Amino acid sequence: MCGIVGAVAQRNVQGILREGLLRLEYRGYDSAGMVVRGTDGRLQRRRALGKVAALEEKLEASPLTGHSGIAHTRWATHGRPSEENAHPHQSGERLAVVHNGIIENHEALRAELESADYDFTSQTDTEVIAHLIEREARAVDLLTAVQTVIARLDGAYALGVIHANEPDVVIGARKGSPLVVGVGIEEAFLASDPLALLQVTDRFIYLEEGDVVRLSAGGGIEVFDASGQVVEREIQTFEHGDGSASKGDYRHFMLKEIHEQPAVIAETLEGRLGDRSVLVESFGPGAEALFSRAAQIHLVACGTSYHAGLVARYWLERYAGIPVQVEVASEYRYRQVVVPENTLFVTLSQSGETADTLAALRFAKKSGYLGSLAICNVPGSSLARESDLTLMTRAGPEIGVASTKAFTTQLTALMLLTLALGRVHGQDEEEQASLVEALRRLPAQVERVLALDAQIEDLSTAFAEKHHALFLGRGAHFPVALEGALKLKEISYIHAEAYPAGELKHGPLALVDSDMPVVSVAPNDELLDKLKSNLQEVRARGGELFVFADEGVGLSSDDGIRVLHLPPIEEALAPILYTLPLQLLSYHVAVLKGTDVDQPRNLAKSVTVE
Ligand code: G6P
C-alpha cells in the first residue's frame, strides 16, 4: 500500500527521504510528496502526480533543506490520484501529516471540522487527521496532540507528523498498519517498511499496535504504548542484505527475483532438514506438541499466497493425512466459521502485513483454535509477531509487485510443514526420507528450468496480441494454473482464467477458438492421461495449446500444440517446478507489451487496507 518515510538527522534529510521513497515505490506509486522543516522554521512541501521520478524532478528544480521531514508514496483509496490528494497533507502552514491506512469515521470528523471553519483541499480521509492535530497542537505539544487525536480515529493507520513549531521532531503512530523506527547514529528514522531505510541503518524498532513514537534531534527515540506509558522496545538487526533493493544486472526486479529462486529455496531449506526427515523444531519450541494434536487445518491467505495454500491442501491431505480448508482472508474473516476441536490455524503471507490476513488471525485467536502458525517472509512483521509459531520463508525482500520467489519459497515451506506434520502423525518413514531427498535436489532442478528462459521467451510472442488466455491444470496443478493466470493478468493486463482441466467441458470450452491461447502444465503424474484427453478437447475446437510437459510424457509439438519439455521431477514437488515457466511466460509477454512489469497499474505490493 502507501509508503511512509520520516527522518530527524544531522544532515539534510531530502536525500534520505527521496531514497526511501524510491525504495518504497513498489508499495504504491500514483503520487508522491515530501515536507521538510526548513532551517528558517517553515514547512516546505513538494508533491507530484505519478511516480517518485516526477517528484524528483520537482525537487531538482526546487530542492528542500532541513534536518527533519516526512514523505509518502501513495496508492489511492479515498480520492483519485492527483497532486491535491497526494501526501503530506497540511493544515495551514505549520502542520503536516503522512498516512497509510483508512480512517473509517472520516466523514463525521470532516463534518465537525468543516463546521469549525477548516477548509479542505483534498478528497482524502487523511486530511481530517491534519486538521485535528493542528487544532490540538495549539494548546499542547505535538506528541500530546497526536495521542489525543488518534483516540478519535476509527480504522487503520500508520502516521508521520511534523510541526513547524517543534524543530527536529517527527511523531509516528501505528494501529493496523506497519511502522518501524530506524535507529541511526545520533539520527532517527521512520518508515512503513525497513527496506526504505537500509541505506541509513540496519537497526530497527518494530512498533506495536497503538504505539506512538517521538523522534528528536541527536537520535532521540521515545516510544509510548497505547496507554501513553513510556515503553522499551527491542532493537532488532535487519537480516536481509541490502543487495535485494537493487536490480543488479536485470532489467526488472521481477526477472531478478525469478532467477533468485534456486538460491532462496535453498535458503528456506537450510538447517531444516535432517538426514531422513524434516526437523520439526524448525517451527519453534512447542511445535511438536502442537502438531501432534492438530486434527485439521484452516489455512487463510490472500492473492498469490492463497494459491500456495491451495497447493498445500493436496500435500497435507495426501502426505500427512490431515483434512485442510483453504480460504481467502477477506471471506474467512466475515464468515461464521465453525472450528472443530484441535484445528490448527495457518496464515500465509509474504509481507506479514496484509490487512485481511492479519484480521483473520486476530479473529481466529478468539475462536478456539489449537494454535496459530504464520508462514511469512518478513521477520518482525505483525503476522509473525502475533502468531504462536512462525516459519520464515527467507526469500529476501520481494520488490516486484507480482509475487514470484515469495510463492515458491512458500511452497517449499509448506512442504516442510507437510513433512513435519506427517512425521508426528506417523507418515511412512521411507516416504518422508525420499521427499527430504527430493527437497535437497530441488534448487538444482529449479536452476535447470530457468535455463529454458530463451525458449519460453520465444513462446511469449504468441500471447502479446491476445486479449484472453486460459490456463489448465489438474490436482495440485490447478492452483499452479490459477497462479499462472494471475501472473499474466497482473503484469500484461491480458484477461486470463484458470480451470481444473476436467471442468473445461462444463463451460469454458465454449470460449475456445483460434484466438484463445490455452496454457497447460502436464507433469508426469497419475492424472496425466486424463489431462491429455482434456487437451484433445481443446485441439478438436481449433484452440492453440501451449503445454509445459515432463519430457517423459510423450507429448510433442505439432499442429496447434507447442510443447516445452521440463526435466523429470518427483511428483510431490512438481507444482514448484511447473510454476517457473508460467512466471517467465507472463514476464516476457509483459515486456513485449511494454507494460510496467514491476509496478503494474492499480496494484500494490502490500495491501494494508481492507
Ligand atoms: C497483494 C500483492 C500480491 C500478494 C497479496 C497478498 O495483492 O500484490 O502479490 O499475493 O497482496 O500479500 P501477502 O503479503 O499477504 O502475501
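Visitor: Why does Lys605 count as buried?

Guide: Buried means under 20% relative accessible area, with exposed over 50% and partly exposed in between, using a 1.4 Å probe and protein chains only. Lys605 has 12% relative accessibility, so Lys605 counts as buried. A word on the model: it is predicted, so local features need pLDDT of at least 70 and side-chain atom pairs count only at pLDDT 80 or more, while totals for chains, interfaces and linings use all residues. Residues are numbered from 1 along each chain as its sequence is written, and side-chain values use heavy atoms, leaving out hydrogens and water.

Visitor: And why does Cys2 count as buried?

Guide: Cys2 sits at 7% relative accessibility, so Cys2 is buried by that cut-off.

Visitor: Why do you say that the residues Cys2 and Lys605 gather at one spot?

Guide: The UniProt annotation "active site", from an unreviewed entry, covers Cys2 and Lys605. They span 604 residues in sequence, yet no two of their C-alpha atoms are more than 9.3 Å apart, so they gather at one spot. Such annotations may be inferred rather than shown by experiment.

Visitor: What makes the pair of Ser305 and the ligand a polar contact?

Guide: A polar contact is a pair of N or O atoms within 3.5 Å. A polar side-chain atom of Ser305 lies 2.6 Å from a ligand oxygen atom, so the pair fits the definition. For Ser351, a polar side-chain atom also lies 2.6 Å from an oxygen atom of the ligand.

Visitor: What about Val401?

Guide: There a polar backbone atom is 3.3 Å from an oxygen atom of the ligand.

Terms used. A polar contact is a pair of N or O atoms within 3.5 Å; within protein, one must be able to donate a hydrogen and the other to accept it, and residues adjacent in sequence count only if both atoms are side-chain atoms.
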